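User: Please take a close look at the enclosed space inside this model, and set it against the surface and the overall fold. A connected account would serve better than a list.

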Amino acid sequence: MVDARQYHEHSKHSPQSVRDTDWSMDFDNKPRPSKVYTDLPRLSLGDPDSPPETPVLSAVATKTPTPEGIEGTPSDIDLPTLCHYAAGVTKTLELRGEQASFRAASCTGKLYHVDLYAVTGPLDTADAGVYHYDPESDEFHVVREGDYRGVLAAASGGQRGVANAPVTLVATSTWWRNSWKYRDRTYRHAFWDSGTILANLLATAHGAGHRAEVVAGFADEPVVDLLGLDPEWEAPLELVAIGEGESAPAPGSVDHIDPAIELDSDPVEFPILHDAWAQSTLADGAAAEAWRDGFSDATAVDCGIHGPGDGELVDLDPVDSETASGRPVGNTIERRGSLREYSHEPISDCKLATVLDRALRGVPTDCFGGDAPDSLLDYYVLVHAVEGIPSGAYQYHPEQDVLERIGDIARDSATYLALGQEVVGDAAVNVFTMADVDAVVEQFGNRGYRLAQLEGGIALGRLYLATYAHRTLGGRGFTFYDDLVTQHLSPRAQNQTPMTLFAFGKPEK
(Lines give C-alpha, C1' and ligand atoms only; values in the text may rest on other atoms or scores of the structure.)
Protein backbone atom coordinates (compact mmCIF):
# COMPACT_ATOMS: atom_id res chain seq x y z
CA MET A 1 0.00 0.00 0.00
CA VAL A 2 1.21 3.50 -0.81
CA ASP A 3 1.41 6.08 1.92
CA ALA A 4 0.17 9.63 1.38
CA ARG A 5 3.61 10.95 0.45
CA GLN A 6 3.98 8.35 -2.27
CA TYR A 7 0.46 8.99 -3.51
CA HIS A 8 1.02 12.74 -3.62
CA GLU A 9 4.26 12.35 -5.58
CA HIS A 10 2.61 9.90 -7.98
CA SER A 11 -0.33 12.24 -8.68
CA LYS A 12 1.64 15.42 -9.37
CA HIS A 13 1.21 17.31 -12.62
CA SER A 14 4.32 18.31 -14.55
CA PRO A 15 4.78 19.65 -18.09
CA GLN A 16 6.10 16.24 -19.07
CA SER A 17 3.28 14.22 -17.46
CA VAL A 18 0.64 16.38 -19.11
CA ARG A 19 2.40 16.39 -22.47
CA ASP A 20 3.19 12.69 -22.66
CA THR A 21 -0.22 11.23 -21.79
CA ASP A 22 -2.09 9.41 -24.55
CA TRP A 23 -5.24 9.00 -22.46
CA SER A 24 -8.58 10.46 -23.59
CA MET A 25 -12.06 10.57 -22.05
CA ASP A 26 -14.65 8.04 -23.22
CA PHE A 27 -17.82 10.11 -23.42
CA ASP A 28 -19.90 7.04 -24.21
CA ASN A 29 -18.94 5.70 -20.77
CA LYS A 30 -19.38 8.89 -18.76
CA PRO A 31 -21.06 8.25 -15.37
CA ARG A 32 -24.10 10.22 -14.27
CA PRO A 33 -23.42 12.88 -11.61
CA SER A 34 -25.73 11.42 -8.96
CA LYS A 35 -26.46 8.19 -7.13
CA VAL A 36 -29.66 6.31 -7.94
CA TYR A 37 -30.94 3.66 -5.53
CA THR A 38 -33.30 1.12 -7.05
CA ASP A 39 -34.92 -0.33 -3.91
CA LEU A 40 -35.00 2.31 -1.15
CA PRO A 41 -38.08 4.37 -0.21
CA ARG A 42 -37.94 8.11 -0.76
CA LEU A 43 -38.92 10.80 1.72
CA SER A 44 -39.80 14.42 1.05
CA LEU A 45 -39.24 16.82 3.94
CA GLY A 46 -40.61 19.77 2.01
CA ASP A 47 -38.97 22.31 -0.25
CA PRO A 48 -35.79 24.03 0.92
CA ASP A 49 -36.31 27.46 2.44
CA SER A 50 -34.08 30.45 1.92
CA PRO A 51 -31.42 30.49 4.65
CA PRO A 52 -31.56 33.31 7.20
CA GLU A 53 -30.45 36.74 6.02
CA THR A 54 -27.10 36.45 7.83
CA PRO A 55 -24.43 38.13 5.65
CA VAL A 56 -22.23 35.50 4.08
CA LEU A 57 -19.07 37.42 5.01
CA SER A 58 -20.09 36.93 8.64
CA ALA A 59 -21.13 33.29 8.34
CA VAL A 60 -18.11 32.21 6.33
CA ALA A 61 -15.61 33.68 8.78
CA THR A 62 -16.67 31.48 11.70
CA LYS A 63 -13.83 29.25 12.89
CA THR A 64 -15.37 28.19 16.19
CA PRO A 65 -18.11 25.54 16.31
CA THR A 66 -20.73 27.97 17.64
CA PRO A 67 -21.03 31.52 16.26
CA GLU A 68 -20.71 33.98 19.09
CA GLY A 69 -23.97 35.47 20.32
CA ILE A 70 -26.43 33.25 18.44
CA GLU A 71 -27.86 29.87 19.37
CA GLY A 72 -29.91 27.57 17.18
CA THR A 73 -32.08 24.83 18.66
CA PRO A 74 -32.22 21.13 17.72
CA SER A 75 -35.86 21.38 16.65
CA ASP A 76 -35.26 24.04 13.99
CA ILE A 77 -32.56 22.23 12.01
CA ASP A 78 -33.84 22.45 8.44
CA LEU A 79 -32.31 19.41 6.76
CA PRO A 80 -33.53 20.10 3.19
CA THR A 81 -32.17 23.67 3.32
CA LEU A 82 -28.79 22.61 4.74
CA CYS A 83 -28.32 19.94 2.09
CA HIS A 84 -29.68 22.03 -0.79
CA TYR A 85 -27.34 24.97 -0.19
CA ALA A 86 -24.42 22.61 0.34
CA ALA A 87 -24.87 20.21 -2.57
CA GLY A 88 -28.20 20.73 -4.34
CA VAL A 89 -29.04 21.95 -7.83
CA THR A 90 -29.26 25.75 -7.66
CA LYS A 91 -29.56 26.66 -11.32
CA THR A 92 -30.30 25.06 -14.68
CA LEU A 93 -29.03 26.64 -17.90
CA GLU A 94 -29.23 25.76 -21.57
CA LEU A 95 -25.75 25.05 -22.98
CA ARG A 96 -25.23 24.06 -26.60
CA GLY A 97 -28.90 23.19 -26.93
CA GLU A 98 -29.04 20.99 -23.80
CA GLN A 99 -30.14 21.61 -20.23
CA ALA A 100 -27.24 21.64 -17.77
CA SER A 101 -27.69 21.57 -13.99
CA PHE A 102 -25.31 23.43 -11.71
CA ARG A 103 -24.99 22.73 -8.02
CA ALA A 104 -24.46 24.89 -4.98
CA ALA A 105 -20.75 24.12 -4.65
CA SER A 106 -18.05 23.98 -7.27
CA CYS A 107 -16.74 20.54 -8.29
CA THR A 108 -13.80 19.48 -10.46
CA GLY A 109 -15.04 18.90 -13.99
CA LYS A 110 -18.68 19.40 -12.88
CA LEU A 111 -18.73 15.66 -12.18
CA TYR A 112 -20.34 15.89 -8.71
CA HIS A 113 -18.90 12.75 -7.14
CA VAL A 114 -19.54 13.77 -3.49
CA ASP A 115 -22.73 12.62 -1.75
CA LEU A 116 -24.24 13.63 1.59
CA TYR A 117 -25.87 11.29 4.12
CA ALA A 118 -27.69 12.50 7.24
CA VAL A 119 -27.64 10.48 10.46
CA THR A 120 -30.33 12.00 12.67
CA GLY A 121 -32.17 11.71 15.93
CA PRO A 122 -35.86 12.57 16.04
CA LEU A 123 -36.53 15.87 14.25
CA ASP A 124 -39.69 17.96 13.96
CA THR A 125 -39.87 17.05 10.26
CA ALA A 126 -38.55 13.48 10.25
CA ASP A 127 -38.17 10.40 12.38
CA ALA A 128 -34.70 9.34 13.46
CA GLY A 129 -32.91 7.61 10.63
CA VAL A 130 -30.09 7.43 8.11
CA TYR A 131 -30.90 9.31 4.92
CA HIS A 132 -29.17 9.84 1.57
CA TYR A 133 -29.71 13.27 0.01
CA ASP A 134 -30.78 13.37 -3.64
CA PRO A 135 -29.54 16.69 -5.09
CA GLU A 136 -31.78 16.45 -8.15
CA SER A 137 -35.06 16.38 -6.21
CA ASP A 138 -34.13 17.64 -2.71
CA GLU A 139 -35.68 14.41 -1.40
CA PHE A 140 -34.04 11.75 0.76
CA HIS A 141 -33.57 8.01 0.32
CA VAL A 142 -34.31 6.16 3.57
CA VAL A 143 -31.20 4.04 4.15
CA ARG A 144 -32.12 2.98 7.71
CA GLU A 145 -34.90 3.72 10.19
CA GLY A 146 -33.98 4.40 13.81
CA ASP A 147 -31.49 6.44 15.83
CA TYR A 148 -27.96 5.44 14.84
CA ARG A 149 -26.18 8.55 16.07
CA GLY A 150 -24.44 6.42 18.70
CA VAL A 151 -22.59 4.55 15.94
CA LEU A 152 -20.98 7.79 14.80
CA ALA A 153 -20.33 8.91 18.37
CA ALA A 154 -18.48 5.65 19.10
CA ALA A 155 -16.62 5.79 15.77
CA SER A 156 -15.39 9.30 16.59
CA GLY A 157 -14.13 8.25 20.02
CA GLY A 158 -16.91 10.12 21.81
CA GLN A 159 -16.08 13.43 20.13
CA ARG A 160 -18.33 16.02 21.78
CA GLY A 161 -19.79 17.56 18.64
CA VAL A 162 -20.88 14.21 17.19
CA ALA A 163 -22.05 12.81 20.54
CA ASN A 164 -24.42 15.75 21.10
CA ALA A 165 -25.49 16.57 17.54
CA PRO A 166 -29.12 16.06 16.49
CA VAL A 167 -27.79 15.68 12.94
CA THR A 168 -24.41 14.56 11.63
CA LEU A 169 -23.84 14.71 7.89
CA VAL A 170 -21.40 12.30 6.24
CA ALA A 171 -19.67 13.26 3.00
CA THR A 172 -18.58 10.43 0.68
CA SER A 173 -16.91 10.17 -2.70
CA THR A 174 -17.84 7.76 -5.47
CA TRP A 175 -14.39 7.45 -7.05
CA TRP A 176 -15.47 6.54 -10.58
CA ARG A 177 -17.66 9.60 -11.02
CA ASN A 178 -14.47 11.70 -10.88
CA SER A 179 -11.77 9.27 -12.04
CA TRP A 180 -13.59 8.93 -15.38
CA LYS A 181 -11.80 12.19 -16.22
CA TYR A 182 -9.13 12.74 -13.59
CA ARG A 183 -7.92 9.18 -12.94
CA ASP A 184 -5.39 8.92 -10.10
CA ARG A 185 -5.76 12.57 -9.07
CA THR A 186 -9.31 11.84 -7.87
CA TYR A 187 -8.21 11.14 -4.29
CA ARG A 188 -7.09 14.76 -4.06
CA HIS A 189 -10.30 15.93 -5.69
CA ALA A 190 -12.37 14.00 -3.14
CA PHE A 191 -11.20 16.43 -0.46
CA TRP A 192 -11.17 19.53 -2.67
CA ASP A 193 -14.75 18.91 -3.78
CA SER A 194 -16.09 17.80 -0.41
CA GLY A 195 -14.32 20.89 0.97
CA THR A 196 -16.29 23.31 -1.21
CA ILE A 197 -19.51 21.54 -0.16
CA LEU A 198 -18.51 21.74 3.51
CA ALA A 199 -17.71 25.46 3.15
CA ASN A 200 -21.30 26.02 2.00
CA LEU A 201 -22.67 23.69 4.67
CA LEU A 202 -20.81 25.45 7.48
CA ALA A 203 -21.87 28.88 6.23
CA THR A 204 -25.52 27.80 5.98
CA ALA A 205 -25.49 26.17 9.42
CA HIS A 206 -23.62 29.01 11.12
CA GLY A 207 -25.82 31.56 9.38
CA ALA A 208 -28.83 29.83 10.96
CA GLY A 209 -27.19 29.95 14.38
CA HIS A 210 -26.34 26.25 14.70
CA ARG A 211 -23.23 24.77 16.19
CA ALA A 212 -21.31 23.13 13.33
CA GLU A 213 -17.88 21.60 13.01
CA VAL A 214 -15.98 19.26 10.72
CA VAL A 215 -14.90 15.97 12.30
CA ALA A 216 -11.94 14.37 10.53
CA GLY A 217 -11.11 11.81 13.22
CA PHE A 218 -13.38 8.75 13.11
CA ALA A 219 -13.17 5.02 12.54
CA ASP A 220 -14.05 4.45 8.90
CA GLU A 221 -15.37 0.90 8.85
CA PRO A 222 -18.35 1.51 11.17
CA VAL A 223 -19.41 4.39 8.91
CA VAL A 224 -19.02 2.19 5.82
CA ASP A 225 -21.22 -0.46 7.46
CA LEU A 226 -23.81 2.05 8.66
CA LEU A 227 -24.27 3.57 5.19
CA GLY A 228 -24.09 0.23 3.36
CA LEU A 229 -21.11 1.23 1.21
CA ASP A 230 -18.45 -0.65 -0.73
CA PRO A 231 -15.36 1.52 -0.16
CA GLU A 232 -13.70 0.31 -3.33
CA TRP A 233 -16.56 2.12 -5.05
CA GLU A 234 -17.68 4.80 -2.55
CA ALA A 235 -15.99 5.77 0.71
CA PRO A 236 -16.64 8.17 3.62
CA LEU A 237 -14.47 11.29 3.84
CA GLU A 238 -15.69 13.53 6.69
CA LEU A 239 -18.39 14.02 9.29
CA VAL A 240 -20.04 17.38 10.00
CA ALA A 241 -21.83 17.63 13.35
CA ILE A 242 -24.76 20.08 13.27
CA GLY A 243 -26.54 21.49 16.31
CA GLU A 244 -26.53 20.77 20.03
CA GLY A 245 -29.02 18.48 21.74
CA GLU A 246 -29.40 15.36 23.84
CA SER A 247 -26.55 12.86 23.86
CA ALA A 248 -26.67 10.11 21.26
CA PRO A 249 -27.89 6.71 22.46
CA ALA A 250 -25.59 3.70 22.84
CA PRO A 251 -24.43 2.45 19.44
CA GLY A 252 -26.20 -0.90 19.43
CA SER A 253 -25.86 -3.43 16.61
CA VAL A 254 -25.86 -2.54 12.92
CA ASP A 255 -27.37 -5.10 10.55
CA HIS A 256 -25.62 -5.58 7.22
CA ILE A 257 -27.30 -3.87 4.26
CA ASP A 258 -26.32 -3.73 0.60
CA PRO A 259 -28.74 -1.36 -1.16
CA ALA A 260 -28.92 -1.82 -4.90
CA ILE A 261 -27.84 1.10 -7.07
CA GLU A 262 -28.37 1.69 -10.76
CA LEU A 263 -25.21 1.73 -12.86
CA ASP A 264 -25.20 3.69 -16.09
CA SER A 265 -21.57 3.13 -17.12
CA ASP A 266 -18.81 0.55 -16.98
CA PRO A 267 -16.41 1.66 -14.23
CA VAL A 268 -12.67 1.59 -14.89
CA GLU A 269 -10.68 0.71 -11.79
CA PHE A 270 -7.91 2.94 -10.46
CA PRO A 271 -6.69 0.85 -7.51
CA ILE A 272 -4.52 3.59 -6.08
CA LEU A 273 -7.64 5.57 -5.08
CA HIS A 274 -9.04 2.96 -2.70
CA ASP A 275 -5.48 2.11 -1.62
CA ALA A 276 -4.74 5.74 -0.69
CA TRP A 277 -8.03 5.95 1.21
CA ALA A 278 -7.56 2.58 2.97
CA GLN A 279 -4.07 3.38 4.24
CA SER A 280 -5.46 6.50 5.96
CA THR A 281 -8.31 4.77 7.80
CA LEU A 282 -8.59 4.58 11.59
CA ALA A 283 -9.41 1.27 13.23
CA ASP A 284 -11.80 2.28 16.02
CA GLY A 285 -12.95 5.10 18.27
CA ALA A 286 -9.87 4.82 20.48
CA ALA A 287 -7.62 5.26 17.44
CA ALA A 288 -9.68 8.27 16.37
CA GLU A 289 -9.34 9.85 19.81
CA ALA A 290 -5.58 9.17 19.88
CA TRP A 291 -5.15 10.68 16.42
CA ARG A 292 -7.03 13.80 17.45
CA ASP A 293 -5.03 14.09 20.69
CA GLY A 294 -1.85 14.18 18.61
CA PHE A 295 -2.67 17.72 17.57
CA SER A 296 -2.57 19.10 21.11
CA ASP A 297 1.24 19.14 21.37
CA ALA A 298 2.00 20.02 17.74
CA THR A 299 3.84 23.24 16.91
CA ALA A 300 4.09 25.29 13.74
CA VAL A 301 7.55 23.81 13.19
CA ASP A 302 6.12 20.29 13.50
CA CYS A 303 3.53 21.14 10.85
CA GLY A 304 6.04 22.78 8.50
CA ILE A 305 4.22 26.12 8.40
CA HIS A 306 5.91 29.54 8.42
CA GLY A 307 5.38 32.68 10.45
CA PRO A 308 6.47 36.09 9.17
CA GLY A 309 10.06 36.32 7.94
CA ASP A 310 12.19 39.27 6.90
CA GLY A 311 10.24 40.22 3.79
CA GLU A 312 8.59 43.60 3.28
CA LEU A 313 5.19 43.66 5.01
CA VAL A 314 2.03 45.16 3.54
CA ASP A 315 -0.67 45.84 6.12
CA LEU A 316 -4.18 44.91 5.03
CA ASP A 317 -7.32 46.69 6.14
CA PRO A 318 -10.44 44.51 5.69
CA VAL A 319 -13.80 46.16 6.25
CA ASP A 320 -15.53 45.60 9.57
CA SER A 321 -18.83 43.82 9.98
CA GLU A 322 -20.76 47.10 9.96
CA THR A 323 -19.56 48.21 6.54
CA ALA A 324 -19.05 44.83 4.84
CA SER A 325 -21.26 43.60 2.00
CA GLY A 326 -24.59 42.42 3.40
CA ARG A 327 -25.24 39.82 0.67
CA PRO A 328 -26.80 36.85 2.53
CA VAL A 329 -25.64 33.25 2.47
CA GLY A 330 -28.34 31.81 0.18
CA ASN A 331 -28.16 34.58 -2.40
CA THR A 332 -24.36 34.28 -2.57
CA ILE A 333 -24.48 30.53 -3.08
CA GLU A 334 -27.09 30.92 -5.82
CA ARG A 335 -25.01 33.67 -7.45
CA ARG A 336 -21.73 31.76 -7.34
CA GLY A 337 -20.25 30.85 -10.70
CA SER A 338 -16.91 29.84 -12.19
CA LEU A 339 -15.53 32.93 -13.88
CA ARG A 340 -13.81 32.20 -17.19
CA GLU A 341 -12.87 35.68 -18.46
CA TYR A 342 -11.20 38.32 -16.30
CA SER A 343 -10.59 41.98 -16.89
CA HIS A 344 -7.07 43.29 -16.23
CA GLU A 345 -8.70 46.11 -14.28
CA PRO A 346 -7.36 46.24 -10.70
CA ILE A 347 -9.48 45.42 -7.68
CA SER A 348 -9.35 47.51 -4.51
CA ASP A 349 -6.92 46.61 -1.75
CA CYS A 350 -9.88 46.70 0.64
CA LYS A 351 -11.72 43.96 -1.27
CA LEU A 352 -8.58 41.83 -1.43
CA ALA A 353 -8.09 42.26 2.32
CA THR A 354 -11.73 41.41 3.06
CA VAL A 355 -11.80 38.27 0.89
CA LEU A 356 -8.60 36.92 2.46
CA ASP A 357 -9.61 37.87 5.99
CA ARG A 358 -13.01 36.18 5.86
CA ALA A 359 -12.05 33.09 3.85
CA LEU A 360 -8.77 32.11 5.51
CA ARG A 361 -9.47 32.47 9.23
CA GLY A 362 -9.30 28.75 9.98
CA VAL A 363 -11.79 25.88 9.90
CA PRO A 364 -13.88 24.66 12.85
CA THR A 365 -12.67 21.07 13.23
CA ASP A 366 -12.19 18.47 15.93
CA CYS A 367 -8.41 18.74 15.54
CA PHE A 368 -7.42 22.34 16.12
CA GLY A 369 -7.66 24.41 19.26
CA GLY A 370 -5.73 25.36 22.37
CA ASP A 371 -2.06 26.18 21.83
CA ALA A 372 -1.72 24.10 18.67
CA PRO A 373 -1.67 25.76 15.23
CA ASP A 374 -5.17 26.18 13.83
CA SER A 375 -4.22 25.05 10.34
CA LEU A 376 -1.84 22.76 8.45
CA LEU A 377 -1.66 25.29 5.61
CA ASP A 378 0.19 28.41 4.59
CA TYR A 379 -1.35 30.83 2.09
CA TYR A 380 0.52 32.41 -0.83
CA VAL A 381 -0.91 35.23 -2.90
CA LEU A 382 0.16 36.25 -6.40
CA VAL A 383 -0.87 39.87 -6.88
CA HIS A 384 -1.29 41.03 -10.49
CA ALA A 385 -3.66 43.98 -10.24
CA VAL A 386 -4.58 45.37 -6.81
CA GLU A 387 -4.76 49.07 -6.09
CA GLY A 388 -1.97 50.22 -3.79
CA ILE A 389 -0.16 46.84 -3.67
CA PRO A 390 2.77 46.23 -6.05
CA SER A 391 2.53 43.11 -8.19
CA GLY A 392 4.49 40.23 -6.74
CA ALA A 393 4.43 36.98 -4.80
CA TYR A 394 3.42 37.24 -1.14
CA GLN A 395 2.74 35.04 1.85
CA TYR A 396 -0.47 35.94 3.65
CA HIS A 397 -0.35 35.80 7.46
CA PRO A 398 -3.96 35.66 8.73
CA GLU A 399 -3.21 36.35 12.38
CA GLN A 400 -1.43 39.60 11.56
CA ASP A 401 -3.55 40.48 8.50
CA VAL A 402 -0.43 41.23 6.46
CA LEU A 403 1.08 40.23 3.15
CA GLU A 404 4.80 39.50 3.23
CA ARG A 405 6.59 39.97 -0.07
CA ILE A 406 8.68 36.93 -1.01
CA GLY A 407 9.34 37.48 -4.72
CA ASP A 408 8.18 38.68 -8.11
CA ILE A 409 5.48 37.43 -10.46
CA ALA A 410 4.38 38.13 -14.00
CA ARG A 411 1.04 37.25 -15.56
CA ASP A 412 2.63 34.86 -18.04
CA SER A 413 4.45 33.06 -15.21
CA ALA A 414 1.19 32.62 -13.31
CA THR A 415 -0.39 31.28 -16.49
CA TYR A 416 2.40 28.72 -16.91
CA LEU A 417 2.16 27.51 -13.29
CA ALA A 418 -1.56 26.76 -13.87
CA LEU A 419 -1.02 24.34 -16.78
CA GLY A 420 -0.84 27.25 -19.24
CA GLN A 421 -4.39 28.42 -18.50
CA GLU A 422 -4.27 32.08 -19.53
CA VAL A 423 -7.32 32.96 -17.47
CA VAL A 424 -5.24 32.51 -14.29
CA GLY A 425 -2.75 35.11 -15.40
CA ASP A 426 -5.60 37.42 -16.43
CA ALA A 427 -7.07 37.42 -12.91
CA ALA A 428 -6.20 40.14 -10.42
CA VAL A 429 -5.15 37.69 -7.69
CA ASN A 430 -4.17 34.02 -7.37
CA VAL A 431 -4.27 32.28 -3.98
CA PHE A 432 -2.38 29.02 -3.36
CA THR A 433 -2.92 26.93 -0.23
CA MET A 434 0.29 25.04 0.57
CA ALA A 435 1.27 22.25 2.99
CA ASP A 436 4.42 20.41 4.01
CA VAL A 437 3.21 16.92 3.15
CA ASP A 438 6.29 15.21 4.61
CA ALA A 439 5.87 17.01 7.95
CA VAL A 440 2.11 16.47 8.05
CA VAL A 441 2.38 12.72 7.43
CA GLU A 442 5.31 12.38 9.83
CA GLN A 443 3.35 14.14 12.57
CA PHE A 444 -0.24 13.02 11.93
CA GLY A 445 0.05 9.97 9.70
CA ASN A 446 -1.70 9.42 6.42
CA ARG A 447 -4.92 10.74 7.95
CA GLY A 448 -3.18 14.12 8.26
CA TYR A 449 -2.87 14.27 4.47
CA ARG A 450 -6.65 13.99 4.20
CA LEU A 451 -6.99 16.96 6.54
CA ALA A 452 -4.47 19.10 4.65
CA GLN A 453 -6.23 18.50 1.33
CA LEU A 454 -9.63 19.06 2.97
CA GLU A 455 -8.49 22.35 4.48
CA GLY A 456 -7.41 23.42 1.00
CA GLY A 457 -10.84 22.48 -0.34
CA ILE A 458 -12.71 24.36 2.40
CA ALA A 459 -10.47 27.40 1.82
CA LEU A 460 -11.35 27.13 -1.87
CA GLY A 461 -15.08 27.06 -1.07
CA ARG A 462 -14.80 29.99 1.33
CA LEU A 463 -12.82 31.99 -1.22
CA TYR A 464 -15.69 31.42 -3.67
CA LEU A 465 -18.21 32.68 -1.11
CA ALA A 466 -16.16 35.69 0.03
CA THR A 467 -15.51 36.63 -3.61
CA TYR A 468 -19.12 36.33 -4.79
CA ALA A 469 -20.30 38.30 -1.77
CA HIS A 470 -18.97 41.30 -3.73
CA ARG A 471 -21.02 42.44 -6.71
CA THR A 472 -18.02 43.32 -8.90
CA LEU A 473 -15.91 40.19 -8.30
CA GLY A 474 -15.83 36.63 -9.60
CA GLY A 475 -13.50 33.67 -9.24
CA ARG A 476 -12.73 30.04 -9.97
CA GLY A 477 -10.56 27.13 -8.80
CA PHE A 478 -7.78 25.75 -11.02
CA THR A 479 -5.18 23.02 -11.15
CA PHE A 480 -1.40 23.49 -11.42
CA TYR A 481 2.08 22.08 -11.98
CA ASP A 482 2.88 21.05 -8.41
CA ASP A 483 6.66 21.29 -8.28
CA LEU A 484 6.85 24.42 -10.43
CA VAL A 485 4.62 26.24 -7.94
CA THR A 486 6.95 25.19 -5.12
CA GLN A 487 9.98 26.34 -7.09
CA HIS A 488 8.46 29.72 -7.86
CA LEU A 489 7.56 30.37 -4.23
CA SER A 490 10.92 29.18 -2.87
CA PRO A 491 12.96 29.58 -0.78
CA ARG A 492 10.04 30.36 1.56
CA ALA A 493 7.90 27.46 0.33
CA GLN A 494 10.66 25.00 -0.54
CA ASN A 495 9.32 22.45 1.98
CA GLN A 496 5.72 22.82 0.79
CA THR A 497 3.54 21.69 -2.08
CA PRO A 498 0.27 23.20 -3.34
CA MET A 499 -3.08 21.87 -2.20
CA THR A 500 -5.45 24.20 -4.10
CA LEU A 501 -5.46 27.31 -6.32
CA PHE A 502 -8.14 30.01 -6.58
CA ALA A 503 -8.07 33.00 -8.95
CA PHE A 504 -10.35 36.03 -8.61
CA GLY A 505 -10.84 39.50 -9.99
CA LYS A 506 -13.25 41.57 -12.05
CA PRO A 507 -15.16 39.92 -14.90
CA GLU A 508 -14.37 40.92 -18.49
CA LYS A 509 -17.15 43.18 -19.67
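About how many Å² does the protein expose, and what percentage of that area do carbon and sulfur atoms supply?

Analyst: The model is a predicted one. The protein exposes about 19,500 Å², and 46% of this area is supplied by carbon and sulfur atoms. Turning from the surface to the interior, 59% of the 509 residues are buried.

The overall frame comes next. The secondary structure consists of 18 helices and 16 strands. Along the principal axes, the C-alpha atoms occupy a box of roughly 60 × 55 × 55 Å. The radius of gyration is 21 Å, which agrees with a compact globule, because a chain of 509 residues in that form would have a value near 23 Å. Among contacts with a separation of 6 or more, 82% join residues that are 24 or more positions apart.

Within this frame, the enclosed space can be described. Rolling a probe the size of a water molecule over the atoms shows where empty space is left. For the whole structure, the search yields 5 cavities of 30 Å³ or more. The largest holds about 130 Å³. Its lining comprises 16 residues, and those nearest the centre are S34, R177, W233, E262 and L263. By class, this lining contains 7 nonpolar, 3 polar and 6 charged residues.

The second largest cavity has a volume of about 70 Å³. A87, R103, A105, S106, C107, Y112, V114, D193 and I197 form its lining. Of these residues, 6 are nonpolar, 1 is polar and 2 are charged. The charged members are R103 and D193, and the polar one is S106.

Y112 deserves separate attention, as it belongs to this second lining and also has an unusual backbone. The residue sits in the loop between β3 (98-103) and β4 (114-120). R103 and V114, which also line the cavity, are the residues at which β3 ends and β4 begins. Y112 has a relative accessibility of 7%, so the residue counts as buried, the limit being under 20%. Its phi is near 50 degrees, a positive value in a residue other than glycine. Most residues other than glycine have a negative phi, and most peptide bonds are trans.

Two further backbone sites provide a comparison. L419 also has a positive phi, near 55 degrees, and is placed in the loop between α15 (411-417) and α16 (422-426). Whereas Y112 is buried, L419 is partly exposed because its relative accessible area is 25%, which lies between the limits of 20% and 50%. The other site concerns the peptide bond itself: S490 and P491 are joined by a cis bond with omega of about 10 degrees. P491 lies in the loop between α18 (482-488) and β16 (497-505).

A buried position within a helix completes the account. N446 is part of α17 (residues 437-468). Its relative accessible area is 16%, and therefore N446 is buried. With residues up to four places away in sequence set aside, N446 touches D3, A4, Q279, S280 and V441. V441 falls within the range of α17, while D3, A4, Q279 and S280 fall outside the range of that helix.

Key:
Residues numbered from 1 in each chain as written. Predicted model: local features only at pLDDT ≥ 70, side-chain atom pairs only at ≥ 80, totals over all residues. Heavy atoms only, no water. 1 Å grid on protein atoms, 1.4 Å probe; cavity = no way out; pocket = protein on both sides within 12 Å on 5 of 7 lines; lining within 4 Å. Points joined across faces, edges and corners; volume = space filled by probe spheres on them. Helix = DSSP H or I, 4+ residues; strand = E, 2+ residues; numbered from the N terminus. Buried < 20%, exposed > 50% of the residue type's maximum accessible area, 1.4 Å probe, protein only. Contact = heavy atoms within 4.5 Å. Rg over C-alpha atoms; globule rule 2.2 N^0.38 Å. Areas by Shrake-Rupley, 256 points an atom, 1.4 Å probe, with all protein chains shown as cover.
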